[in-house]
Amino acid sequence: MDAVEIDDARSVKVQRDDGPMYASRVRVYPKAVSGQFRRLKWAALIVLLSVYYVLPWLRWDRGPDAPDQAVLADMVHGRFYFFWIEIWPQQVYYLTGLLLLATLGVFLASSIAGRAWCGYACPQTVWTDLFLWVERQIEGDRGARIRRDKAPYRPGNLVRKFAKHAAWLVVAAVTGGVWIAYFVDARVAVPAIVEGRASTTVYFFFALFTATTYLLAGWAREQVCTYMCPWPRFQSAMLDEDSFVVTYKAWRGEPRGRHVKDASWEGRGDCIACNQCVAVCPTGIDIRDGLQLQCIGCGLCVDACNAVMAKIGRPPELIGYATERNAQASRAAGGAAPARTRLFRPRTVLYVMLMVAIGGAMLWSLAFRAALDINVLHERNPLFVALSDGSVRNGYTVKILNMTHDRRVYTLAVRSPAGAEIRVVGHEGAEGRSAVLAAEPDSVATFRVYLTLPRAALTGESLPAIFALTDGARGETALRQTVFRGPAK
Ligand code: SF4
Ligand code: SF4
């Protein structure tokens, strides 16, 4: 059992979790509620789902030889397109930067508003909310659903259950289909899936994402947050005494109990033990037992309790978002106005500074990155060849990345070692300190290149070799350093 006690230092109830690691699932039937936080959740749901379902259908003209889908992760050709930005596999560090920004954003949101991400924007929360809405439309609100599940099976109930699961599967299939459309052109992938023309791989991933959406949002729901998600386990490291978390103001609500209309409020708390806060909770917990791992900070219990307080003529916010600091101040002041909120604290300032630094570096790099790159691989077998005239030859595989949508002509030159001559296999005559090479639009051109160095210029067993690739028309140059190997002296 969980022990609940009032922690005087924190002014709120905290729950000591001495319970077993696993418990049988008690089915949760969240009740519909209205209020400001419910409206905020609807707004977040509409915006996020609209972005998810609509984004793959937006177009962006990149010229005749490139896909025109605005957001596309083209796995076959190894490109990620985001409107005007095109990321090549060699530039995967941009995706790393985006992940870092997202992580820091969640850290910042958590240190300011607790589990705001979990309660409003996490995909599990958003799709569970959508599935719950569908369930309510078909099976009714909490009371009706509980009655139906307890009643012996009747044809009417079975029809509703069947309709609900069918509707869930449709939503899950649309979600799975749209997910595929982020990887294969939406105008090709979606009709192909519907008409049975898609590949086995596409159907496999479509089925996988349909099934996971159906199971996680329809069946598992709060179990994902409680047992599968690691975030609640380390979220406490993100919180401090100035983080807003959903708080039951026990000093104001206790002692709780039923209240008879027009009876005095003297000597008792404002909580009338109506359990509305529990009935609306999507994870089925009682926030009056204190801050709990299962609480996703959605604020629906705040809406439910505020409606009750309005009905019985007591002040709102018996349950509300509060920081530990202003909960203590409020308690000390007998429930009067809470202390000032401190948004700017070392950790929030640090998160913002890191986000600005990473975001700024990414933007700068995106704005000024070259549209060409060069990769050079030194051949290992043999490391070098001693030619009959005494000179030493090394072989390289040179890859030229043409990131433009036009055919480009480049100059490949050797800057080091001094005295080395370049020869490109298949481009005989292109010998000397440089060679002129072409690459097709949006492609990687591969060349076999030899560097030859007179023995007298070989000053060591290993010398730095520097290749320079220049696009004269655009005024861009990319350098790549490797080695030139020779025999031991
Ligand atoms: S909704 Fe408010 S009054 Fe009702 S049980 Fe919850 S805390 Fe008490
Ligand atoms: S306790 Fe309140 S804030 Fe926490 S999950 Fe339940 S309804 Fe949401």
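Strands are DSSP runs of type E with at least two residues, numbered from the N terminus. In this predicted model, strand E7 covers residues 319-322 and contains Ala322. Ala322 has 24 other C-beta atoms within 10 Å. A residue counts as buried if 20 or more other C-beta atoms lie within 10 Å of its own, and Ala322 is therefore buried. Thr247 stands 75 residues away from Ala322 along the chain, yet the C-alpha atoms of these two residues are separated by 6.1 Å.

An open sheet is formed by four strands in the order E14-E11-E16-E17, and the pairing is antiparallel. Strands E14 and E17 (476-485) are the edge strands, each of which pairs on one side only. On average, neighbouring strands of the sheet are turned by 25° against each other when direction is ignored.

Within this sheet, strand E11 spans residues 408-416 and strand E14 spans residues 434-439. These two strands run antiparallel and are joined by six bridges. Two of the bridge partners can be named. Val409 has Ala438 of E14 as its bridge partner, and Thr411 has Val436 of E14. E11 also pairs with strand E16, which comprises residues 462-471. The pairing of E11 with E16 is again antiparallel and involves five bridges. Here Leu412 has Leu469 of E16 as its bridge partner.

The surroundings of the two ligands were examined next. Ligand 1 is surrounded by 14 residues. Those that come nearest to ligand 1 are Cys271, Cys274, Gln276, Cys277 and Cys305. Two helices, H12 (276-279) and H13 (300-312), each contribute at least two residues to the shell around this ligand. H13 provides the largest share of the shell, with three residues. Sorted by class, the shell around ligand 1 consists of ten nonpolar residues, three polar residues and one charged residue.

Ligand 2 likewise has 14 residues around it. The nearest of these are Cys281, Ile287, Cys295, Cys298 and Cys301. In the shell around ligand 2, eleven residues are nonpolar and three are polar, while no residue is charged.

Methods. Residues numbered from 1 in each chain as written. Chains lettered and ligands numbered in written order. Predicted model: local features only at pLDDT ≥ 70, side-chain atom pairs only at ≥ 80, totals over all residues. Near = placed C-beta within 6 Å. Nonpolar A, V, L, I, M, F, W, Y, C, P; charged D, E, K, R; others polar. Pairing = 2+ DSSP bridges. Axes fitted to C-alpha atoms, helices over the stretch in contact; angles between N-to-C directions. Buried ≥ 20, exposed ≤ 12 C-beta atoms within 10 Å, placed from the backbone.
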